[in-house]
Amino acid sequence: MFERPDVGERAILVHIEFSSQADGEDLGEFVDLVGSAGVEAVATVTGSRNQPSPRLFVGEGKLEEIRQAIQLYETDVVLFNHALSPSQERNLERELKCRVLDRTGVILDIFAQRARTHEGKLQVELAQLEHLSTRLVRGWTHLERQKGGIGLRGPGETQLETDRRLLRERIKSIHRRLEKVRKQRDQGRRARHRADIPTVSLVGYTNAGKSTLFNQMTESTVYAANQLFATLDPTLRRLELPDIGAVVIADTVGFIRHLPHKLVEAFRATLEETTDATLLLHVIDCRDERRDDNIDQVEEVLLEIGADEVPVLQVFNKIDLLDDFRPRVERNEQGVPMRVWVSAVTGDGMTELSDAIVERLAERVLHQFVVLGPADGKFRSLLHQAGSVLSERHRDNGDTVMEVRLQERDWLQLLRRAGLSESDVRLEGAGDDGAL
């Protein structure tokens with residue numbers, strides 16, 4: 001459909017430093033991205049400019065250097081570690097006589113390889129089509145062009161207009177199908193909210209070890225690999241935690257600096273698992289030299305998708321790669337766990353992580369002594385069924401004092417099932433003359 005050279009497996013990388021840009025792209029990360037796409041980077045062309053050239057992005061001298069590298073290494077594609085405009089991409093392909101992809105195109109290619117579920121494939125196709133819609137070029141040469149004037153009119157709409165119309169229709173169709181998926185997700189989330197089941201969502205920079213940690217926590221076999229964007233499709237698992245009961249753990253797509261806005265839009269249905277979470281586990285590669293920058297980038301994306309208000313527990317992963325480093329929990333001035341240092345590969349620190357999650361989720365856990373009379377057998381039975389009774393003792397007057405520990409939401413549910421209100425309950429130490 002499009003008159004463009006095929007993409008091969010050998011590539012020239014191009015990375016330009018611009019003095020006018022304070023926050024440029026990272027070359028090391030781009031090399032990792034290209035490797036994750038399954039492409040062999042045979043050479044890297046670097047340079048510096050004040051600002052990009054409007055026509056070719058690079059100058060004439062650098063263009064000639066790239067052209068010589070293509071001939072020397074017999075490569076099939078040139079990958080730019082930058083966002084190129086559609087006209088720059090077309091002009092470069094015309095000059096270099098080979099396929100040119102920008103950073104967004106590389107990320108989209110990786111996403112296309114990784115998507116496994118129907119929803120994931122739809123989201124990737126949507127992002128690809130929206131990216132492609134501004135990059136349509138001449139293809140069907142057998143069709144006449146529409147011309148103005150008597151005797152010069154073509155057969156109707158031009159090929160380019162046909163391409164655009166087909167793209168628009170396909171994009172609308174994918175939006176409708178993703179809307180169905182979004183409604184199904186909403187139903188699942190509403191059901192969890194009705195059942196008061198907390199959701200713990202794993203977020204973090206790509207390749208921080210989220211899927212490995214997810215597998216370690218839930219004893220699952222989700223695909224995990226030492227590559228960028230190994231996970232695209234969200235995976236949910238149920239987990240039982242002491243004092244908390246059932247929680248849902250969600251593994252989500254990793255973030256990356258300067259994540260294209262269209263990708264964020266396309267994956268909004270997936271990222272809603274993050275915005276609606278009870279607690280976020282921000283997984284961080286502790287030995288990464290760009291660790292602090294990566295943390296900032298993740299927080300930036302969380303702000304963009306509206307998840308910046310969700311409580312966060314930072315998980316510093318891969319301590320097995322550090323020398324003589326033990327798992328530990330770091331707390332704030334109020335004693336609340338804020339950081340946990342673990343190794344998802346070896347399992348070191350998983351007990352500390354589990355305890356920290358319980359502590360963060362159990363901020364509304366009630367620990368109290370309930371006084372029950374002889375006629376309160378139903379409520380006593382419900383407390384035992386809930387597994388919340390730590391101890392009980394009997395008074396001489398026939399009352400029973402039960403030590404209970406449970407989530408506030410479970411306490412309120414038990415009261416409703418027993419047909420009671422909070423004012424009906426007698427608590428030891430708070431006056432035992434209640435009506436219960």
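Is Phe57 buried or exposed? In this predicted model, Phe57 counts as buried because its relative accessibility is 4%, a value that falls under the 20% limit for that class. This residue makes a convenient starting point for a look at the aromatic contacts, after which the salt bridges and the charged surface patches are taken in turn.

The structure contains five aromatic pairs. One of them brings Phe57 together with Phe80 in an edge-to-face arrangement, with 6.0 Å between the ring centres and 90 degrees between the planes. Phe57 belongs to the loop between strand 2 (40-49) and helix 2 (60-73), while Phe80 belongs to strand 3 (residues 77-80), so the pair ties together parts that are 23 residues apart in sequence. Like its partner, which is buried at 4%, Phe80 is buried, and its relative accessible area is 0%. The two rings also have company: Phe18, Phe57 and Phe80 are linked by ring pairs into a cluster.

Turning to charged side chains, the count of salt bridges comes to 20. Helix 2 offers a local example, in which Glu64 is bridged to Arg67 with the closest N and O atoms 2.5 Å apart. Both residues sit in helix 2, three residues apart, or about one turn of the helix. Glu64 is partly exposed, having a relative accessible area of 34%, and Arg67 is partly exposed as well, at 21%. For Arg67, this class follows because 21% is not under the 20% that defines a buried residue. The bridge does not stand alone, since salt bridges with shared partners join Arg55, Glu64, Arg67 and Glu95 into one network.

Other bridges reach across the chain. Arg170 and Glu125 meet through their side chains in a salt bridge with an N to O distance of 2.7 Å. This pair links distant parts of the chain, as Arg170 lies in helix 6 and Glu125 in helix 5 (residues 118-132), 45 residues apart. Partly exposed is the class for Arg170, with a relative accessible area of 28%, and also for Glu125, with 24%.

A further bridge, between the side chains of Arg393 and Glu428, has an N to O distance of 2.4 Å. Here too distant parts of the chain are linked: Arg393 is in strand 13 (residues 389-394) and Glu428 in the segment after strand 15 (426-427), 35 residues apart. Arg393 is partly exposed, its relative accessible area being 41%, and Glu428 is partly exposed at 30%.

Which residues gather in a patch of positive charge on the surface? They are Arg164, Arg168, Lys172 and Arg176. Of these, Arg168 is placed in helix 6 (residues 159-194), the helix that also holds Arg170 of the bridge to Glu125. With a relative accessible area of 48%, Arg168 is partly exposed.

A patch of negative charge is found on the surface too, where Asp293, Asp296, Glu299, Glu300 and Glu304 gather. Glu299 has its place in helix 10 (residues 291-304). Its relative accessibility of 41% makes Glu299 partly exposed.

Conventions:
Residues numbered from 1 in each chain as written. Predicted model: local features only at pLDDT ≥ 70, side-chain atom pairs only at ≥ 80, totals over all residues. Heavy atoms only, no water. Patch = residues over 30% accessible without salt bridge, like charges linked within 9 Å, V, L, I, M, F, W, Y side chains within 5 Å. Areas by Shrake-Rupley, 256 points an atom, 1.4 Å probe, with all protein chains shown as cover. Salt bridge = Lys/Arg side-chain N within 4 Å of Asp/Glu carboxyl O. Lys, Arg positive; Asp, Glu negative; His and termini not counted. Charge placed at Lys NZ, Arg CZ, Asp CG, Glu CD. Helix = DSSP H or I, 4+ residues; strand = E, 2+ residues; numbered from the N terminus. Buried < 20%, exposed > 50% of the residue type's maximum accessible area, 1.4 Å probe, protein only. Phe/Tyr/Trp six-rings, centres within 6.5 Å; stacked < 30°, edge-to-face > 60°.
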